Amino acid sequence: MMKKFCIALCFQAFLLIVAATEPIPTTLDGPFKPATRRFDPSLRKGSDDLPIDHPRLKRNVTSFFPEQIALALSSSSSSMWVSWVTGEAQIGLNVTPHDPKTVASEVWYGKESGKYTMKQSGVSVVYSQLYPFEGLWNYTSGIIHHVKIDGLEPETKYYYKCGDSSLAAMSEELEFETFPLPAPNKYPQRIAVVGDLGLTTNTTTTIDHLIMNDPSMILMVGDLTYANQYLTTGGKGASCYSCQFPDAPIRETFQPRWDGWGRFMEPLISRIPMMVIEGNHEIEPQAAALTFQSYLTRFSVPSKESGSNSNLYYSFDAGGIHFIMLGAYIDYNQTSAQYSWLQDDLKKVDRGVTPWLVAAWHSPWYNSYSSHYQEFECMRQEMEQILYAYRVDIVFSGHVHAYERMNRVYNYTLDPCGPVYITVGDGGNIEKVDVDHADDPGKCPSPGDNIPEFGGVCHMNFTSGPAKGKFCWDRQPEWSAYRESSFGHGILEMVNSTHALWTWHRNQDIYREHSHGDQIYIVRRPQSCSVASKDSRLSPSIPPTLDIAAARVSSLLCYIILPVIILIGLLNNH
């Protein structure tokens, strides 16, 4: 019996060895033949939102104790933003804002658990969402606190509490680890990328799966809470707002969904930083033509530190990566303040210090799904050239509720020096997954469809290539490498200054080990795709292929080969 067991186990180990040694493709192997994985009909296209009294959404603190605690990176690894909320929000026909001065904003922190040798104070604010229409409920938030703690050492664990010590209203102890200083051989371990998240049962699977992958940072590419899928009085959220509420006088919101989202995310983002950029669901128009009040008030981002005059666009470093977060719902024309800031920011990037240049915004430029097809063509025409000139490596977007990875592309033409565009708007929100492609028979949108909520309309027919003279391709476009209609999230792991491993994890694979929807090494080519910078000095101390191979051999040795040798020994003894 023991002999048969050992033989079966050895055979299983052999299969694992074969699977583990199968090479992961790299962008150097591309451009790839376009591939599509259709929606699995055994899955549901969407799910309802979690109720506001769900255990992961309801308020579990009293008085002025902190809740909705969140971290965000500042401009350098020597500082970190800590944000939280105290007090109860108010909602109804008549609301009275809290006085933010009634509660202090303090963070106590140190390098040993229970020993807080340093203290920083910050600012506190409130915001209101007000509607000038009869019968609509208004909202005013709890007190929102933002504290920037400075003087942190890189790659160091810190323990902290936040709150108001004079009221004995401090949080439980939490911890975080600072990032390495910008350098070509120093990177965060794993960066999770997710968009269009919402608060559905699919969302819970996305976040639980993401937590299992143990990221050190989250890049959130817009459309967070979907609070604007509700009337101001709450009730049931709609998968299609205009369909369910055709008579609404304005795009209403149920602002307590923001508080529920903050509580839902707190166990994760109170320990690792989350960097956000706005999406269309954050616009939230209200009285006096105000917009984005929830987004602008609730989140700390390093806008001032990066020279931006708006929280709707900014940049930051994370080790050897420079991130540029662009706003698709604020003026992006070449005469705009955002474009001027982008020019200045790109000029300052030293690729000898931060070799990787990653950009993110909500609405994708390259998209072969029917939904949002060519919707932000105007933004592409205004900004693509400068991003290409400075050799942006990767671009992340959301908006389309599905997954798509492009071949390297510039101006709709395959280009080995173009960025790798990736759409990850598949976080699980209430609006359901997108399944139709613009190249499917009868699914090409008309030029009058997909009008953006901000900016102009620049829909165009293609002027070259297989789709010349047409608005849509008749097959999957050559610049679309892989697409799939599933919910999920991505993990970006930097190997060194030229190689990064990108893995897209599907929600249905949450309990399947070593399973994923898409995986590829994204390879920079600083020698052949250089810019006027110190980029060309970079050459990894260990060839990337050897680096990757060494990791594979180590895993095989530790987890498969050594146990097999032990089993063979047991087999011989029997």
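Visitor: What makes strands 4, 9 and 8 an open sheet, and how do they pair?

Guide: In this predicted model, the sheet has 3 strands in the order 4-9-8, with antiparallel pairing. Strand 4 (90–92) and strand 8 (128–129) stand at the edges with a single partner strand each, so one side of each is left without a neighbour in the sheet. Strands here are DSSP runs (E, at least two residues), helices are runs of H or I of at least four, and both are numbered from the N terminus.

Visitor: How do you know that strand 8 and strand 9 pair?

Guide: Two strands pair if DSSP finds at least two bridges between them. Strand 8 and strand 9 (residues 138–140) have 2 bridges in the antiparallel sense, so they meet that rule. Within this pairing, S128 stands opposite T140 in strand 9.

Visitor: Good to know. What should I keep in mind about numbering and confidence?

Guide: Residues are numbered from 1 along each chain as its sequence is written, and side-chain values use heavy atoms, with hydrogens and water left out. Because the model is predicted, local features need pLDDT of at least 70 and side-chain atom pairs count only at pLDDT 80 or more, while totals for chains, interfaces and linings use all residues.

Visitor: Why is the link of C240 and C243 called a disulfide?

Guide: The term asks for a pair of cysteine sulfur atoms within 2.5 Å. The sulfur atoms of C240 and C243 are 2.1 Å apart, so the pair qualifies. The link is right-handed, with 65° about the S-S bond.

Visitor: Are C240 and C243 exposed or partly exposed?

Guide: Buried means under 20% relative accessible area, exposed over 50%, and partly exposed in between (1.4 Å probe, protein chains only). C240 has 26%, so it is partly exposed, whereas C243 has 57% and counts as exposed.

Visitor: How many disulfides does the whole structure hold, and in what pattern?

Guide: The search finds 4 disulfides. Counting bonded cysteines along the chain, the pattern is 1-2, 3-6, 4-8, 5-7.

Visitor: What makes the link of C378 and C458 right-handed?

Guide: The torsion about their S-S bond is about 95°, so the disulfide is right-handed. The pair links distant parts of the chain, 80 residues apart: C378 is in helix 7 (residues 377–389), and C458 is in the loop between strand 24 (420–424) and strand 25 (480–484). C378 is buried at 10%, while C458, at 22%, is partly exposed.

Visitor: What does the disulfide of C444 and C472 tie together?

Guide: C444 and C472 both lie in the loop between strand 24 and strand 25, so their link ties together parts that are 28 residues apart in sequence. C444 is partly exposed at 38%, and C472 is buried at 7%.

Visitor: How do you know what counts as a cavity, and how many are there?

Guide: On a 1 Å grid over the protein atoms alone, a cavity is a set of points where a 1.4 Å probe fits but cannot get out; lining residues have an atom within 4 Å of a point. Grid points are joined across faces, edges and corners, and a volume is the space filled by probe spheres set on the points. The search finds 6 cavities of 30 Å³ or more. The largest has a volume of about 200 Å³, and among its 16 lining residues, Q68, A70, S83, R298 and F299 are the closest to its centre.

Definitions and conventions. 1 Å grid on protein atoms, 1.4 Å probe; cavity = no way out; pocket = protein on both sides within 12 Å on 5 of 7 lines; lining within 4 Å.
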